[in-house]
Amino acid sequence: MSYFRLPDTSKPRLLRFPLWVSMWLLALFTCAHCGISASGEKPAQELAKFALRDYLGREWQNELVFFKVDAALVGRKDAVLMDANGREIPYQWSTEDNGSIAFLASVPKFTRVEYKLVRGTPKTAPNLKVTQQPDSVEMVNDKTGIRVSRNSEALQRGPIAGVKLISGKWVGSGELTWPGPPMDFKTTILTDGPLFADVESAYTSSTGDFWKLRFRIIAGEPVILVDEEFSGPAQAYYQFNAVKDFGPDSLLWRAGPTATTNLWKNLTDEHAFTLEPWLRWASPMHGTWLAFYRDDSPDLLTIGARDPSNWVEPGKTTWKYAIDVRNDQTMRFQLRGFKRNWMVIALSKKDALQTQSDSAPSPQQYIIKHSDLPLNRVKDFILEWPGQVEHPRLLATKKETDEFKANFKVDINRLNRLRRNDLNAPGLDDYIAYTLATDDAELKRRLAGFALTQLQAAVDLYVREATFPTQGSDPPRHYNQVTVAVNAIDAVLRPDVLSAAELELARSQLAFLAYTLADPSVFSPERGFKGNPNMTTTSRCVLGMIACLIPDHPKAKDWAELGVREMAKELEKWTGPQGGWLEAPHYMGVSMDAIVPFAIALRQTTFADQDWTLHPKLREAIRWLASISTPRDPRLAGQRHMPEIGNTYLGERTCLAGWLARLWKEKDPEFAKQMQWAWNEQGSFTKPGIGGAYPSALGYSWLMFDRSIPAKAPNWDSEWFPECGVVMHAHFPSECETYLYLIAGKLHAHYDYDEGAFVLWGKGKPLCEDFGYYGRAPASDHNRVDRGKQDKGAAEIKEFANGAQADYLRSDLTGWQRQILFVKDQDCSGPNYFVVRDTLNNDEPADWRLWLATDVSPATNSSEPIRVQGRFGVDLAVYFLETSDGTLSTETLTRKNGASGFKDRNANQRSLHLRLKPHATVVAVLYPILHSQPTPHFTRLANGAGVKIESAFGVDYAFLGLDSFEFKQDLIAFRGRSGAIQVRPAGTQMTLATEGQMQFQNHTLVNEGNKIKTDRTGG
């Protein structure tokens, strides 16, 4: 077995060893070939050999590696270790793992090196010394050193008595706070070289509390590695002053693409910096390492986190575990529990501050070496294994590929352009389609070159860490690069396209990416090492995609299970009983970009016990998105799009219904037709959204849709989607739909402060919109009541009823109740309108806003109907039935989106704004009306709980109260909370949305439940 190298095809692949050697070699990744001397197998002087190979394109230098050897070899003093050039190098015996040899290995990129242990007398000894001082144990090499206390002062000052800088200066001290019984303390030299030295400090108490530290120094390395285990009182901590007697005036850290410097005097906050093992999303004064230096000193001292997953025990570490760096330059280490790995790095300031254009900053190079990517860990990965599976395999079965080839019509001009033009990611669809259809040799080689380059670039993201501050930071951009590489390589991972060496390299690099993505130090939701929800989705699903790409790898099933478990959890927990999604529509598109292709890829593996493409929760989630899509938008040439609710862009369309149509074509043809219609209504858009890469189907978009499926418009009624919101429709589908979507429910991640807000369209045109996605917008940007600091939690739908003539809802958000009665006319150009009632039970002032898609400032006389001129031939008449004496004004607001499906990224609206006193009630009629129609006559009834509306179509009476009330006038009698009477020339329609009784003329309607009940009289 071999690692890190282009395979040497000139030699037999099978090496024979004694059985026990073969067994432990199976566990190695870099495949160390370690043969033990046996009669007739090797020259007498050769005791063992160790081979290392690089597949990653990394220059490995001075890497401390351990190889297990026969117990009979451990401790021998008549052995010499030789490198590939025949030079003697130092080594050290270790009793760990029942006996191993340690040495410092160097492996050039894409190269195989071999180390041999032969009989002889060792001569070389590294410059590493361990000495016992009266008060400390001192470990030093030629670059750094540490003094570990061995007297009682350690009980007050902690274990570290000093750190040696590159200049030779000793700095640092500390202070230990440990409430409770007295502690015992002991310092022990575990090993004293010559290659590495370990010293242990152990604190114990009579209660069983403890703190144990192991300090390691390595020959030639400017680092001190610290491994801790502890279980102490909640108030215990170690205040480490790493720079005592140094006095730095500047700091260096990395939280973005490049390192950042600042002066300490500029950091005025008591908590100046957070040193954490896993870099949080969008946290500028956080980092996984922090360097100190001063203008007049040659030294730079770095403290860096190692092995992030060890810092947190899932389900147990519930307290702050990050290191708080104070503005006095001290660092507070919690000692409550449980483990921590970190390091001290002593460097030359001049070297460390040099700009690195193609690699991480100098201090971070040592974190990569000793934490993120140590050769000793990577050598145990399985990067070479037997087997070969058919490709492409992720998004297309062989049958689907053959059908595609048979039906594909080659455009010769286009083919010639592809042969000439450079390949890039956006052009991958064409390139893969033409390559598979034509089997053109030139296209295959160009595609192969592109795929191998993209794969190396994906590996470099994690190996070099030049682009992002850590392996786990900015998961979406890592996902984009890895996914492009995965899709591209899938098309060419065949012996008729790639050479044997290229195949071996590609498979090895894919396995490396899977090992890395599965590493809890890179991404671990259970530890809180995650970003926004969709980042967990994409990270886990792309890992699953790699598993499906190399299903013959020994760990592929384990990797796939990580993806499947996450997908299953999200479909169960992130959707409501009737659809919806945890995040706003835009970010649902990001998640679905990962979930749907992964579900497709699982079909050709044994990793799943069901067809995830047909999962009912996946179906309902995407149906929800289709159901709440807007009416046909004149700004998109009559195409529908997702509502711009939460963090969703203006005019953002999606392809998800089209994907679903293809998947359900055989299982449920009628549903597939409905999804095809929904996709066509959004212009047959080919991506899950806008404002992102959406790479999971890249190269195979042509296969994700079936344009032969006939489209059929669904009969979607108004609907409540529990935990998500309510959509109200009238005259759907048509050119003059009236529509409202209200946000309410616990599925509310990546939204604005928009609980209980709505968007509204009248007669097919936008009238009250959101501003789209420019950040997390405040409550004041939305059609809702803004109660400032009191506004916390999710709105909850308490009542919902739908019917042909009216819909009703009541939502509640801790002291704010919103009711909406939607009255529908049989004529789409007739009275289809909303009565909105907001009732507040709060002790502070509040603001009520209705944002209007208009270019003309509205009037602000709340006693008269306010006609707001719409932009597309439909106006909105607003009539206030109750304002609680709130002051009405108007505002103008423009917000610029990060992306837009429209020509303009700016959203411009004007508001009607009521400034309310505590315990106010607002009732308003929102009445869409065509430009050409006169404004109806509105009459306030029932102290603002009712309204009479006289229009050219007839007379309407609408009632809406928080509690049941009674109203009598002329031929009308009403008892209840919500209802409507629609008087038309052809007859009268009475509707009760909730329990109650209504009488008009000689007709009576009674509703004893919470379902809409109607009665029609006349012709």
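## Helix H16, wrapped up

A residue is called buried here when its relative accessible area is under 20%. Keep that cut-off in mind while you look at helix H16 in this predicted model. Its buried residues are Leu-656, Ala-657, Gly-658, Trp-659, Leu-660, Ala-661, Arg-662 and Leu-663. That makes eight of the eight residues of H16, so the helix is largely enclosed by the rest of the structure.

What do the buried residues of H16 pack against? Four helices turn up: H6, H14 (585-601), H15 (616-627) and H17 (669-681).

## Helix H6, one side in and one side out

Let's move on to H6, which covers residues 398-407. The buried residues in this helix are Glu-400, Thr-401 and Phe-404. These three cover an arc of only 100° around the axis, so they end up on the same side of H6. Flip to the other side of H6 and you'll find Lys-399 and Ala-406, which are exposed.

Which helices do the buried residues of H6 pack against? They pack against helix H8 (428-438) and helix H16 (656-663).

## The whole protein

Time to zoom out. The protein has 17 helices and 52 strands. Its C-alpha trace spans about 115 × 75 × 50 Å along the principal axes. Of the 1019 residues, 61% are buried. The accessible surface comes to about 38400 Å², and carbon and sulfur atoms account for 47% of that.

How about contacts between parts of the chain? Take the contacts between residues at least 6 apart in sequence: 67% of them join residues at least 24 apart.

## A nine-stranded sheet

Now for some strands. Strands of a sheet pair through backbone hydrogen bonds, and the pairing can be parallel or antiparallel. One open sheet in this protein has nine strands, in the order E14-E15-E16-E17-E27-E24-E23-E19-E20, and the pairing is antiparallel. Strand E14 (183-192) and strand E20 (259-263) stand at the edges with a single partner strand each, so one side of each has no neighbour in the sheet. On average, and ignoring direction, neighbouring strands of this sheet are turned by 20° against each other.

For a look at one pairing, pick strand E16 (residues 210-218) and strand E17 (residues 223-231). These two pair in the antiparallel sense over eight bridges. Find Lys-212 and you'll see Glu-229 of E17 standing opposite. There is a helix to spot here too: H4 (residues 362-372) lies across E16, E17, strand E19 (250-254), strand E23 (289-293), strand E24 (299-306) and strand E27 (337-348). H4 runs at about 135° to E27.

## Cysteines, bonded and not

A disulfide is a covalent bond between the sulfur atoms of two cysteines. How many disulfides are counted in this structure? The count comes to one. The disulfide joins Cys-736 to Cys-828, with 1.9 Å from S to S. The link of Cys-736 and Cys-828 is left-handed, with -100° about the S-S bond. This pair ties together distant parts of the chain, 92 residues apart. Cys-736 sits in the loop between strand E29 (725-730) and strand E30 (738-743), while Cys-828 sits in the loop between strand E36 (816-823) and strand E37 (833-840). Cys-736 is buried, at 15% relative accessible area, whereas Cys-828 counts as partly exposed at 21%.

Why is there no bond between Cys-548 and Cys-541? Cys-541 holds the closest cysteine sulfur to that of Cys-548, but the distance is 10.0 Å, which is too far for a bond. Cys-548 is buried, with a relative accessible area of 1%. The sulfur of Cys-655 also has its closest cysteine sulfur in Cys-541, and at 15 Å that is too far for a bond. Cys-655 counts as buried too, at 0% relative accessibility.

## Gly-762 and its contacts

One last stop: Gly-762, found in strand E31 (residues 758-762). Is Gly-762 buried or exposed? Its relative accessibility is 0%, so Gly-762 counts as buried.

Leaving out residues up to four places away in sequence, Gly-762 touches Glu-737, Thr-738, Leu-767, Val-874 and Pro-928. You can also compare Gly-762 with Leu-926: 164 residues separate them in sequence, and they are 9.5 Å apart in space, C-alpha to C-alpha.

Methods. Residues are numbered from 1 along each chain as its sequence is written. This is a predicted model: local features need pLDDT of at least 70, side-chain atom pairs count only at pLDDT 80 or more; totals for chains, interfaces and linings use all residues. Side-chain values use heavy atoms; hydrogens and water are left out. Two strands pair if DSSP finds at least two bridges between them. Axes are lines fitted to C-alpha atoms, for helices over the stretch in contact, and angles run from 0 to 180 degrees between N-to-C directions. Contact means heavy atoms within 4.5 Å. Buried means under 20% relative accessible area, exposed over 50%, partly exposed in between (1.4 Å probe, protein chains only). The arc is that of the directions from the helix axis to the C-beta atoms. A disulfide is a pair of cysteine sulfur atoms within 2.5 Å. Accessible areas come from the Shrake-Rupley method with a 1.4 Å probe; for residues, only the protein chains shown count as cover.
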